[in-house]
Amino acid sequence: IRAAMLSVREAVVADLLQMQQTNLWCLPENYNLKYYLYHILSWPQLLYVAEDHKAKVVGYVLAKMEEDDEPAHGHITSLSVLRTHRKCGLATKLMTSSHDRMTEAFDAAHVALHVRRSNRAAFHLYSETLDYHIRDVEKGYYADGEDAYDMRKTFAVKAAADKLLGAAPAPETQTDPPTEAPPLVS
């Protein structure tokens, strides 16, 4: 699979069935369609899909905000990429897209997730690539009794480190002015 033939974008309601199908093919933890609908209606800017050149969903991230907790923080409910499309950087791109929106839209202090202790590939992605750290081990977290790592990524640390290192802020994007004046309203 060539990465150039794949794209990541914000999910829309029409993607939910394909997201659920991807989940059913890849993961032992499955959710009913209402749960996906709840996420997209509550936090539409946090859900992303990866699609191939035929607009088929080949991966997704399902995320939400824990806004009642202080400080407000994100939670990754589910991440899945079809086996045929792994090792293309899609999981990283899906996660960073959701992370970015958590901080931009909700000023999230951190993001949390759970991962099976036996899922070495996911653990490597979270700990080595995405800089998550183990907070705790939750015994018997999954329905089959397997333990989960409770992991967290703190967003503020990166911002503080960039400031200390004198990193330049990201350039603002400039939009082109409209080509014609808007209609006058009298």
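This is a short walk through the structure in your viewer, one selection at a time. Keep in mind that you are looking at a predicted model.

**Stop 1: the sheet**

Switch to a cartoon view and find the strands. Seven of them form an open sheet, and their order across it is β1-β2-β3-β4-β5-β7-β6. The pairing in this sheet is mixed. Strands of a sheet pair through backbone hydrogen bonds, either parallel or antiparallel.

Now select residues 7-10 and 133-138, which are β1 and β6. Why is one side of each left without a neighbour in the sheet? Both strands stand at the edges and have a single partner strand each, so there is nothing from the sheet on their other side. Turn the view a little: on average, neighbouring strands here are turned by 25° against each other, direction ignored.

Next, colour residues 73-81 (β4) and 110-116 (β5). These two strands pair in the parallel sense, over two bridges. To see one place where they face each other, pick Gly74, which stands opposite Val111 in β5.

**Stop 2: helices on the sheet**

Select residues 33-42, helix α2. This helix packs on the sheet and touches β3 (57-66) and β4, with its direction at about 65° to that of β3. Then select residues 120-129, helix α4. Which strands does α4 touch? Its contacts are with β4, β5, β6 and β7 (148-154), and its direction makes about 20° with that of β7.

**Stop 3: a nonpolar patch**

Show the surface and select Val13, Leu37 and Leu41; together they make a nonpolar surface patch of about 270 Å². Leu41 sits in helix α2. Is Leu41 buried or exposed? With a relative accessible area of 61%, Leu41 is exposed.

**Stop 4: salt bridges**

Side chains of opposite charge can pair when their charged atoms come close. The structure holds eleven salt bridges, and we will visit a few.

Begin with Arg116 and Glu146, whose side chains meet at 2.6 Å, N to O. Arg116 belongs to strand β5 and Glu146 to the loop between β6 and β7, so this pair ties together parts that are 30 residues apart in sequence. Both Arg116 and Glu146 are buried. Add Glu29 and Asp144 to the selection, and you have a network of salt bridges linking Glu29, Arg116, Asp144 and Glu146.

Move on to Asp147 and Arg117, where the closest N and O atoms of the salt bridge are 3.6 Å apart. Asp147 is in the loop between β6 and β7, while Arg117 is in the loop between β5 and α4. Asp147 is buried at 17% relative accessibility, whereas Arg117 is partly exposed at 34%.

Then try Arg135 and Asp150, which meet in a salt bridge at 3.7 Å, N to O. Arg135 lies in β6 and Asp150 in β7, so the pair joins parts 15 residues apart in sequence. Arg135 counts as exposed, at 51%, but Asp150 is buried, at 9%.

**Stop 5: two unusual backbone angles**

Most residues other than glycine have a negative phi. Select Asp107, in the loop between α3 (90-106) and β5: its phi is positive, near 55°. Asp107 is exposed, at 66% relative accessibility.

Finish at Asp131, in the loop between α4 and β6. Asp131 is not a glycine either, yet its phi is positive, about 65°. Asp131 is partly exposed, with a relative accessible area of 42%.

Definitions and conventions
Residues numbered from 1 in each chain as written. Predicted model: local features only at pLDDT ≥ 70, side-chain atom pairs only at ≥ 80, totals over all residues. Heavy atoms only, no water. Pairing = 2+ DSSP bridges. Helix = DSSP H or I, 4+ residues; strand = E, 2+ residues; numbered from the N terminus. Axes fitted to C-alpha atoms, helices over the stretch in contact; angles between N-to-C directions. Contact = heavy atoms within 4.5 Å. Patch = residues over 30% accessible without salt bridge, like charges linked within 9 Å, V, L, I, M, F, W, Y side chains within 5 Å. Areas by Shrake-Rupley, 256 points an atom, 1.4 Å probe, with all protein chains shown as cover. Salt bridge = Lys/Arg side-chain N within 4 Å of Asp/Glu carboxyl O. Buried < 20%, exposed > 50% of the residue type's maximum accessible area, 1.4 Å probe, protein only.
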